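User: Please take a close look at a single helix of this protein and explain how it packs against the rest of the chain. A connected account would be preferred to a list.

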Amino acid sequence: IWDALVKAKIRPAELARRMGISQTAVSKLIDPSRTSPYNLDTLQRIASALGMNLEPPRFVESRELLGAD
């Protein structure tokens with residue numbers, strides 16, 4: 001999340017404003033020592049606030065990974 005903030009040139013305070021949450025809550029989200037996983041709703045809210053889209057994971061057949069037809 002920190003890399004996305006830097007790339008978007010958005011400060012944590014601005015992310016908090018866009019998400020409608022406190023700066024403390026954003027600090028917890030971007031804390032590098034965070035060990036709990038993010039839920040999908042939170043990731044979607046963060047992405048939206050950063051002007052990004054989340055794409056669902058794409059599952060592929062093992063043959064496709066190996067380049068087989």
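Analyst: A residue is called buried here when its relative accessible area is under 20%, exposed when it is over 50%, and partly exposed in between. The model is a predicted one, and the helix chosen for the close look is α2. By the cut-off just given, Leu15, Ala16 and Met19 are the buried residues of α2. Viewed down the axis of α2, these buried residues fall within an arc of 100°, so they line one face of the helix. The general geometry of such helices is relevant here: an α-helix has 3.6 residues a turn, so residues three or four places apart point the same way.

The setting of α2 may be described next. The protein contains five helices and zero strands, and its pattern along the sequence is α-α-α-α-α. Of its 69 residues, 20% count as buried. Among contacts between residues at least 6 apart in sequence, 47% join residues at least 24 apart.

The buried face of α2 has cover that includes α1, α3 and α4. The largest nonpolar core has twelve residues, and Leu15, Ala16 and Met19 are among them. Other members of this core include Ala4, Leu5, Val26, Leu29, Ile30, Ile46 and Ala49. The elements that give two or more residues to the core are α1 (2-8), α2 (12-19), α3 (23-30) and α4 (40-49). As a general matter, nonpolar side chains in soluble globular proteins tend to be buried together.

The packing of α2 on α4 can be given in detail. Two packed helices are described by the angle between their axes and the distance between the axes. The axes of α2 and α4 come within 9 Å and cross at roughly 110°. That angle makes α2 roughly perpendicular to α4, and the crossing is right-handed. Where the two helices meet, α2 contributes Leu15, Arg18 and Met19, while α4 contributes Arg45, Ile46 and Ala49.

Contacts with α3 involve both Met19 and Pro12. Leu29, with residues up to four places away in sequence left out, touches Met19 and Ile46, and also Ile1, Ile21, Arg34, Tyr38 and Thr42. Pro12 lies in helix α2 and, at 27% relative accessibility, counts as partly exposed. With the same exclusion of residues up to four places away in sequence, Pro12 touches Trp2, Leu5, Val26 and Ile30. From Pro12 to Leu29 the C-alpha to C-alpha distance is 9.9 Å, with their positions 17 residues apart in sequence.

The residues flanking α2 complete the account. In the loop between α1 and α2 is Lys9, which counts as exposed at 77% relative accessibility. The phi of Lys9 is near 55°, a positive value in a residue other than glycine. For comparison, most residues other than glycine have a negative phi. At the other end, α2 is followed by Gly20, whose phi is also positive, near 70°.

In summary, α2 places Leu15, Ala16 and Met19 in buried positions, and these residues line one face of the helix. The cover over them includes α1, α3 and α4, with α4 lying roughly perpendicular to α2.

Methods. Residues are numbered from 1 along each chain as its sequence is written. This is a predicted model: local features need pLDDT of at least 70, side-chain atom pairs count only at pLDDT 80 or more; totals for chains, interfaces and linings use all residues. Side-chain values use heavy atoms; hydrogens and water are left out. A nonpolar core is a set of buried Ala, Val, Leu, Ile, Met, Phe, Trp, Tyr and Cys residues joined through side-chain atoms within 4.5 Å. Buried means under 20% relative accessible area, exposed over 50%, partly exposed in between (1.4 Å probe, protein chains only). Helices (H or I, at least four residues) and strands (E, at least two) are DSSP runs, numbered from the N terminus. Contact means heavy atoms within 4.5 Å. The arc is that of the directions from the helix axis to the C-beta atoms. Axes are lines fitted to C-alpha atoms, for helices over the stretch in contact, and angles run from 0 to 180 degrees between N-to-C directions. Angles under 35 degrees count as roughly parallel, over 145 as roughly antiparallel, 65 to 115 as roughly perpendicular and the rest as oblique. A crossing is left-handed if the near helix is turned anticlockwise from the far one by less than a right angle, and right-handed if clockwise.
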